Structures are given as C-alpha cells and as structure tokens.
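Here's a walk through a two-chain model, going from a single strand out to the domains and the contact between the chains. Have the viewer open as you read.

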Amino acid sequence: MPVESHPRSVQLRVKRYQPDTRDKAYWQEFQVQAEGNDRLVDVLNKIKWEQDGTLTFRRSCVHGVCGSDAMRVNGRNRLACKLLVQDLGARISVEPMLGFPVIRDLVVDMDPFFDKYEKVKPYLINDEPEPRTERLQSPEQRERYDDTTKCILCGACTGSCPSVWANPEWVGPASIVNAHRFIFDSRDRGGAERLQILGDRTGVWRCRTIFNCSEACPRGIHVTDAIEEVKRAIMYGSTDSA
Amino acid sequence: MNYHKFDVVIVGAGGAGLMSAMQLAHNSSIAVISKLYPTRSHTGAAQGGVAAALGNLEEDSWKWHMFDTVKGGDYLVDQDAAEILAREAIDAVYDLEHWGLPFNRTPDGKIDQRRFGEGPVRRSCYAADRTGHMILQTMFQQSVKNQVNFFNEYMMLDLLINDGQACGVVALCLRDGTLHVFHAKAIVLATGGYGRAWRITSNALACTGDGMAVAYRRGIPLEDMEMFQFHPTGLYKVGILLSEAARGEGAYLLNSEGERFCVRYAPTLEELAPRDMVSRFIYDEIREGRGIDGKDYVYLSVAHLGKEKIDAKLPDITDFARNYLGVEPYYEPVPIQPTAHYAMGGVPTNVEGQVVVDERNTVLPGLYAAGEVACVSVHGANRLGTNSLVDLIVFGRRAGKHIAAKWLPEAEFAPLPADAEAFAREQVESLLSNGKKKETQDALRQELRDEMMEKAGVVRDATILTDMRNKIAELKQRFREIRLMDTSRTFNTELMEVIELGNLIECAEATVAGALAREESRGGHYRADFPARDDVNFLRHTLAYHTDRPGEPELRYKPVVLGTFEPKERKY
C-alpha cells in the first residue's frame, strides 16, 4: 500500500517577481527533498520555511476545496495542493497563472476576476413570496445544474483560456459556469437577464471551444459543455432545449 | 493613518461572518474584513451536512436534536443555547434554501436528510459531501447581491476597546503592508478555529485562532479551550477529513484483525458513536497493538457500499483517498487516524452572540462573536457531527439580528483610543526588525505542533500537560527571537505566518492550562490520570485570562446552564 514515503530530490523552477527589488520577472531554481506523498504545495512550503522566506504564494485548505493555490505547473493551470510531486517528473516549473496581473511571485490579482464574476448576477433571483418551508425541486431538476455548483472560483479555467489572454475584458469561463449554475436551476427566475448579459459581445460568443478550461478545472467541471449549453439557451431563447 | 468608519465591522468571511452580514446589509453600513478571499474560508471544507429537525423522512423534533446535542457534549453544554440551536436550525436551513442552496432532494422534492454521528434520526440536510462549500458559496452569492463591502486579504492584528466598549479593529493590508483602523459601533469576530496548533489536523493553514488570540491579549477570557475535538477519521499522515457521512452511509472501521472494533465499544451506535469516543477507541486499538501493521492507524472501509453509492453520496471524500494516498476506495480500505478538528471552546458569548467577559456573564458592549471562534456554549465538551454548520448559521444570524434590532438603534461610536494602531504597529515593526535574532519560525511551529499532538491530544495526563505548559512558556520567549527572511511590505506572507504562529501559541497556552486544571475526563478532554467525569467539581466552564506569566493564564470558572436534561452517564 502506497502510504510509506521515499524521499527524493526534486528540482523546482519558479518564476519569481519581487517588485521591491527587481523590475522584471525572473526564473529561479530550487533543489528540495520531497517525500513520496508530498503535494506540490508541501514542497513550496518547504522552500519557503527552510530556504527562502520571500517565496510568495497563496494557500489555505491544502486539499483542493478552497481554491487559493491555482498556479501554472509545467504549463498547465493546477491547484498546487492537488498534485503529488511524484506525478510531476524530476523537473517542475511553476509560474503564476496567465491572464492575471501579478502582485508578487505566484500571487496574482484576483479582483478583476471577481468583478467579472459579479457581472453575471451569480445569485438566486426569485422575487416570488417564499414558502414557509423549502421550495420544492425534484432530484432530476437538482441534477440539471449539479456540475456547475462544484466551482470554487480558483480561476484555473479563466487563466487557461486563450480568449481571455487575448482579451482580458472578456467575461471568461468561470463567470459563465456560475451563470449556468443559476440559469438551469428550476427555482431561479433570472435566466433571461443573464442570457442577455452573456449574449452581448463580451459574452459567450468569444468562446472558441478550445477546451483548455475543462482540462484545467480541478473540480472536474465540464466547463466547455456548460458554456455550450448557455450558447444554445441564447440561440433558442429557452433553457429547455439546451 | 488609514481610517475607515462603518456601523459594523465583521472579521472573517466564512459562514458565521457572512450570515451576520446578511442580517445587516440592508439597514446599516458594514464591512467584512478577511485575511483570505471570502470563498477561501474554511467553512467551505465542511463535508457532511447541517442538522435540522425538519422531519422530512422520519419523525423528528427539535427537542431530540437538543437532547442529542446536550448528551453529545457530555453535559457541558449550556442548555438554553442548545435549545435555541435546535429550534432555530430549522428556519436557518429554510433561509439557506430560499437563498438557493442546492440541497440534495427527496423524490417528492423536499430537502433530503441522512443519518450522521450520534443520533438515530435522519436529520442531516446535505448537498452531496460538500455541504460547507455550498453554504459558503450561497452566502457569498448573497453578499454579492447585497453589495457587501469586502476588505479582502486584510489580517486583523488588534481589537480596540475604549470606555468599556469595543470600538474598532486594526488590520494589516497584505498587499502593501499598510495598517488600517476600522472604527465601528459593533464588531463581530467570526475568525474560526485553531486546529493548526496540532501536527495532524483537518484544518486549513489559515485556521490559526486569530480572533481568539487578539481578544485574549486584550483581556477577554477564552472559555473551555481544553475541549478540542479530534475527529476519528483523518487521512493517515495528512489529516484531511473523511466525513462521518461515510459512516452515516454505512462505512466500517477495521483494526489489523479485520474486526469492526466499534461494535465492541459502542454496541448501539457502533461506528456512529460520538467523535471523542471513536477517537479514543482508535487510540486504544493502536495502543493494544491492533493498528495496521503495528502502526498508528486503522482502516475505514467503504468498499461494501458499492461503486454506485460511493459515487453518488461520497464523491469528494473518496477522491481525497485516491489523490493523497493512492488508495482506491472501491476495493481498498483507507488508512485513517484521529485528526485535530474543532474547537468547542473560544471567546465566550451569550445566546445573542454578545461577548461576555467574566463568570457573571457581563457583556462587553459592541463586541460579538459567532461560529468556531465563539463559545456559546452549544458544543460543551464534544461537538456533535453536523452541528458546526448549525452553529454558524444560527448564531451568525442571531448576532447580526441583535446588532440590527437592539444595538445599533441605541449605540454611539465610542471614540478611538489615542494612537489606535500603536499596539499593531509595534507587533509588525518588532517582527520586521531582525537585529541579532536567530530563531526560525519553522522550528517553533514544528515544535509547537509536534508537542501539542503528543501532550495535549486525544489522551492527556498531568505529567505531559505540565511539560507542554513549560514548552509553551519557552516558545513564548523564543518567539521574540524569530528572524524573518522576508522584510518586504508587499504581500509578505512570511510576516503573516509568524503573526499566525504567535496566535497559535496564545491559543495553545489557554488550552493546556485549562486541560491541566480540569482533573476529570469529559468529552474531548480525556485524562488518563482522572478517567471519570466529575460533575461535583467540574461541571463548570473554564475561563482563561491572559497574564504576564508565559504559560500561566489566570483561571476562573462559571456554572453550566442546566435546566431541561439532568446530567447522566453517556452510553451509546
């Protein structure tokens, strides 16, 4: 059983940005001992605690549910706490996600990301009087939007999208996922409003169906499929045929 | 000085903080300060469910929920608070549903409920095994809708009290290292727990007891800190939680002989006995040599549930086993061990969420606390599974409602003390000035966590607790000698981590002092040298006050609120 660990040496190449001391980003190599079950975030912590306290990254839950430590690892956006170092090869490259302003090292500015999220009205819209108990929803209706409820807003999908790189103003996949979560919720009444927002020129049509977002999602959400469902709902003016 | 003025400042953006915010967003100016982006808060990691006696699947009553809570807490629960918890859980869950929380459903469209720990009734409302995630997302969505002001990645360093009234907080803006003073009529502490004081923990790196430590340094006592819950089923070595939902769905715990040992200890509830008990069952099995391969873990097995049920009901937690241990739960048992999970103790409050500062429950006007940071006390000596989320929504809601209805209409802004940011500034500047210091934060953190695990863990006695008390006194001295490698003002996470370590040491101090003085065994606090519960001497709450003597807070006691259920021996 693969519980016991075997330490091995790992080479980590990190893209650094230290605005206090240097104007430009640069690469730095670190050599570190990793245990068999170490996650990438464990190795980053080891570097930070034992070698270089200036190495800067976000992290919190360290098991893939809080979404703090999305970063570009060997060219793909991943959560550093969902990757075992043993699965990453002998040389690992780590850099901040593309498409976001970098604050320091691997820390990017998430404010523009959350601003775009807010644009799609990511909350239940329903002004009908609330029943004394729960609103009813069948298991089938609940299943309809299950996939997009998993989103943890880590930004991995949006930061992997070439359409976002080309046009940072574009609303991006994460916002569409969160719109989808309500558009297909039988309790929600704001679908038309959101479809209108997503139907304009900064909306879903800039998606080129590249599937980077689906590959990047640490929650396994079928992001591109969700975007396609929203496109179809806009085309047919209804969520039934989507 | 960067100065901000709001009617209410809420510190912490997890379930309790955002639930308070929801009660206040329409009628007052509020700010939510969080050292993380709100959706990173640890509420999001809660898996299993939120208890409420809806009775959607079988007969249930809030009284039964109350009873299970009181008994589960080994009668250290304040029963007035437990009654409110159980009664108001029902409306709070409906609130969440009305705000869009995607609960799993019964065939007739109602909220589905399942069994959880410590009770025979299907009472846990859930959304797969990511109920906390859904609560956090739903609350954040509502905050966006209500245009709540967030100060993200601001870390609270100090609480301001003047003229006997709480009047603000001082926070460090991580992005540029500036200090900010938030002047307010009411402050809500909703900063969560401090599981990071132990080596094996289910808690996020951010769970460092910041609100408790900041209040403690300002003379506010910490209540029942010796009552810390070890959850029985943490992933071996990493501590990540595998929720009771697994056992609620029928998972087994197995020792090296393949025996379901819980059946021997708790013939009625078996694997679903209270967490403190199951953790001790595991401890005993390991001590008696029935750990797997003679090591310090046992197995959790779900394989007999079948793929379909595992995928439908337990998708996330089985993924944890795959991702982090390389174990396939469809076929293989999962190695687990007890993991530091939840603080029953914390900043003492009354049932309105108001912070109370002595054995007579004197209110400190303007200061509130809710969620894991607080001790109401609804969890007593051992929290019931699914009651943490109930605590957040019920008491987060009550604190917000009390501020809106009772406090703001009559309250004035108390003036800020002179040089309001002085204490916070002194903390930051002394940490950033290295001089001849030579300790590393890494060494201190490891020593604290390793020794807390050995000496203030599942089983304790006077000898190891005394050792730990001395260790904490030593760590407090050495803390001043920590040398930072990073002295930048821009997003200095090393500075943040050292401040967090200081907070953990304060929380550990109160924990160990309370544990040493409590010469009995009750709930999560088990003394090998005093294995019986002692209601004559210890049916009372500990209050630990900060002093100038490292490791030695002043201890006082206050009575437990009884009333409905007389204390009895806890059998399952």
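Which residue stands opposite B:Leu189 in strand 17 of chain B? That would be B:Ala369. Keep in mind that this is a predicted model.

## Strand 9 and its partners

B:Leu189 belongs to a good place to begin, strand 9 of chain B, which covers residues 179-189. Nine of its 11 residues are buried, so the rest of the structure largely encloses this strand. Strand 17 (residues 363-369) of chain B runs parallel to strand 9 of chain B, and three bridges join the two. Strand 1 (residues 2-11) of chain B is also parallel to strand 9 of chain B, this time with nine bridges.

Strand 8 of chain B is the antiparallel neighbour, joined to strand 9 of chain B by five bridges. B:His183 is a handy residue to click on: B:Lys5 has it as bridge partner, and B:Gly168 stands opposite it as well. The hairpin made by strand 8 and strand 9 of chain B has five residues between the strands, and there B:Gly177 takes a positive phi near 75°. As background, strands of a sheet pair through backbone hydrogen bonds, either parallel or antiparallel.

## A three-strand sheet with a helix on it

Elsewhere in chain B, three strands make an open, antiparallel sheet in the order 10-19-20. Its edges are strand 10 (222-223) and strand 20 (554-559) of chain B, each of which pairs on one side only. Helix 15 (residues 493-517) of chain B packs on this sheet and touches strand 10, strand 19 and strand 20 of chain B. The direction of helix 15 makes about 135° with that of strand 19 of chain B.

Strand 10 of chain B and strand 19 (residues 540-545) of chain B run antiparallel and are joined by two bridges. If you want a pair to look at, B:Glu223 has B:Leu543 in strand 19 of chain B as its bridge partner.

## Chain B as a whole

Now zoom out. Chain B holds 16 helices and 20 strands. Its C-alpha trace spans about 65 × 55 × 50 Å along the principal axes. Why call chain B's radius of gyration of 22 Å consistent with a compact globule? Because a compact globule of 572 residues would come out near 25 Å, and the value for chain B agrees with that.

Of those 572 residues, 64% count as buried. Take the contacts in chain B between residues at least 6 apart in sequence: 76% of them join residues at least 24 apart.

## Domains of chain B

The domain assignment splits chain B into domain 1 (2-227 + 344-407), domain 2 (231-339) and domain 3 (422-540). The centres of domain 1 and domain 3 of chain B are 24 Å apart, taken over C-alpha atoms. Where these two meet, 36 residues of domain 1 of chain B are in contact with 34 residues of domain 3 of chain B. On the domain 1 side, strand 7 (154-162), strand 8 (165-173) and helix 5 (210-217) of chain B each supply at least two residues. Helix 5 of chain B gives the most, with five. By class, that side of domain 1 of chain B has 20 nonpolar, six polar and 10 charged residues.

For a single residue to inspect, try B:Ile336, found in strand 14 (residues 334-343) of chain B. It has 26 C-beta neighbours inside 10 Å, so B:Ile336 counts as buried. Beyond its neighbours within four places in sequence, B:Ile336 has contacts that include B:Leu235, B:Leu242, B:Tyr297 and B:Val298. The C-alpha atoms of B:Ile336 and B:Phe6 are 46 Å apart, with their positions 330 residues apart along the chain.

## Chain A and the contact between chains

Chain A is assigned domain 1 (8-108) and domain 2 (111-236). Their centres, over C-alpha atoms, are separated by 29 Å. 14 residues of domain 1 of chain A are in contact with 14 residues of domain 2 of chain A. Strand 4 (residues 76-79) of chain A supplies the largest share of the domain 1 side, four residues. That side divides into seven nonpolar, four polar and three charged residues.

Between the chains, the contact takes 44 residues from chain A and 48 residues from chain B. On the chain A side, helix 1 (40-51), strand 6 (102-104) and helix 3 (139-144) of chain A are the elements that give two or more residues. The residues on this side of chain A divide into 19 nonpolar, 12 polar and 13 charged.

Note on methods. Residues numbered from 1 in each chain as written. Chains lettered and ligands numbered in written order. Predicted model: local features only at pLDDT ≥ 70, side-chain atom pairs only at ≥ 80, totals over all residues. Domains from an automatic or database assignment. Contact = placed C-beta atoms within 7 Å. Nonpolar A, V, L, I, M, F, W, Y, C, P; charged D, E, K, R; others polar. Buried ≥ 20, exposed ≤ 12 C-beta atoms within 10 Å, placed from the backbone. Rg over C-alpha atoms; globule rule 2.2 N^0.38 Å. Pairing = 2+ DSSP bridges. Axes fitted to C-alpha atoms, helices over the stretch in contact; angles between N-to-C directions.
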